[in-house]
Amino acid sequence: MDLDPALTATLREEAHGLFSETVALRRALHRWPELGNDLPVTREHVLGALEGLPLTVTQHSTTSGVAAVLEGGLPGPTVLLRGDMDALPLHEDTDLEFESSIEGAMHACGHDTHTAMLVGAAKLLSARRADIPGRVLFMFQPGEEGFGGAEFMLNEGLLDVPARPDGSDSPITGAYALHISSNLPSGWIATRGGSIMASADQMLITVTGRGGHASQPHQALDPIPIACEIVQALQTMVTRTIDVFDPTVVTVGRITAGTTNNVIPETAVIEGTIRAISERTRAKVRDGIRRVAEGVSAAHDAAVTIDFHDGYPVTVNHPGSADFALDVAGEVVGKHATVKLPHPIMGAEDFSYVLNRVPGAMLFLGGTAPDRNPANAAPNHSNRVVFDEGAMVNGIAVYGAMALRHLAGTAAT
Ligand SMILES: [Zn+2]
Ligand SMILES: [Zn+2]
């Protein structure tokens, strides 16, 4: 069902009314970026901003995660909205008046804007509480940048929502997240059905030979050329065995071996990242890496160990949810400002864990600063990235509209 056009206009207006307090919160978070799963100051800001709203707030104990539930006035299911809260370990070089005051930490992925927008959405939806058919679960998660914050929150029972006060069930039927991007025009919304972000696993290959004198390699077993062969063979394995339409990226980012020019070391270590956009290819490429590393090492009589460290799984948008979200976004921000992405992005996201449990979608929100060009603006994770705060108005309105329309649609069926 469509939202009443008058309602979408009202949501935009209400989001606009929340702009200055959203900016103030975002800047406070930006000044004090925190890393990982323990974000005490950030959590205090969030709790302070939610104070006075009609929410049931749960502070998670394994992380700084916060789950807040808005109980609508009418029976219905629950919809989850996610905002992540953590920053990245790098020095900020933006010269913004509110730039990071913590050396070596920066909100370079825009999670400060996500947190502020989710607070804005909580305010906007709280004001409409009486008319909401169901519940909204606001997920403020830490540790997105490689610390598995979402999984910690799931393990702590995030999705175990109790029955409503009247005894009726309120299962979680949808989950949505926004992620700001400095390379998409400000306020635009982009997403796609199916895989939207890649899995990200790490590999660690250790080739063990025998150390010796560099002038007498025949009396040693040099692991360095063997490691080089493995690196080359991995690229051949990728291009010759993986379907180009279900791609993977295997990048060796680090090789460590040796101490000086005239010593043959005992070991050589290869470290790399593996990206895939389907679980099938994700498994297949691991098999290939194992085969190549073992085969090349065996050919040269060296020993090898291969370790994989599981990172985030593939982020898969439910096709129906992605179409729905893009539709809603079109009503809120205008069809011209919505984009159906032609392909996934090879970065990774731990909202994937939520989407593996609940159908839903992750959307990108354009946040290119007004004086920059989306095509060459400093990207997310850059020490110079700047996001347009004006985009947060659309973000709040889209969060709100997705929740309202999702609940209205599900409640009606
Ligand atoms: Zn990031
Ligand atoms: Zn991010």
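Two strands are taken to pair if DSSP finds at least two bridges between them. In this predicted model, that criterion is met by strand β8, spanning residues 199-208, and strand β12, spanning residues 267-276, which run antiparallel to each other and are joined over 10 bridges. Within this pair, V207 is placed opposite A268 of β12.

The two strands belong to an open sheet of 4 strands, arranged in the order β10-β12-β8-β13 with antiparallel pairing. Because β10 (248-257) and β13 (303-309) occupy the edges and each has a single partner strand, one side of each is left without a neighbour in the sheet. From one strand to the next, the twist averages 20 degrees.

Two helices lie across strands of this sheet. Helix α6, formed by residues 223-241, lies across β8, β10 and β12, and its direction makes an angle of about 175 degrees with β10. Helix α7, formed by residues 279-299, lies across β8, β10, β12 and β13, and runs at about 165 degrees to β13.

Helix α1 comprises 13 residues, from 5 to 17, and the distance from its first C-alpha to its last is 18 Å, close to the 18 Å expected at 1.5 Å a residue. In this helix, T8, L11, R12 and A15 are buried. The buried residues of α1 fall within an arc of 100 degrees when seen down the helix axis, and therefore line one face of the helix. An α-helix has 3.6 residues a turn, so residues three or four places apart point the same way. On the other side of α1, by contrast, A6 and E13 are exposed.

How values were computed: Residues are numbered from 1 along each chain as its sequence is written. Chains are lettered from A and ligands numbered from 1 in the order in which they are written. This is a predicted model: local features need pLDDT of at least 70, side-chain atom pairs count only at pLDDT 80 or more; totals for chains, interfaces and linings use all residues. Axes are lines fitted to C-alpha atoms, for helices over the stretch in contact, and angles run from 0 to 180 degrees between N-to-C directions. Two residues are in contact if their C-beta atoms, placed from the backbone, lie within 7 Å. The expected span of a helix is 1.5 Å times one less than its number of residues. A residue is buried if 20 or more other C-beta atoms lie within 10 Å of its own, exposed if 12 or fewer, and partly exposed in between; C-beta atoms are placed from the backbone. The arc is that of the directions from the helix axis to the C-beta atoms.
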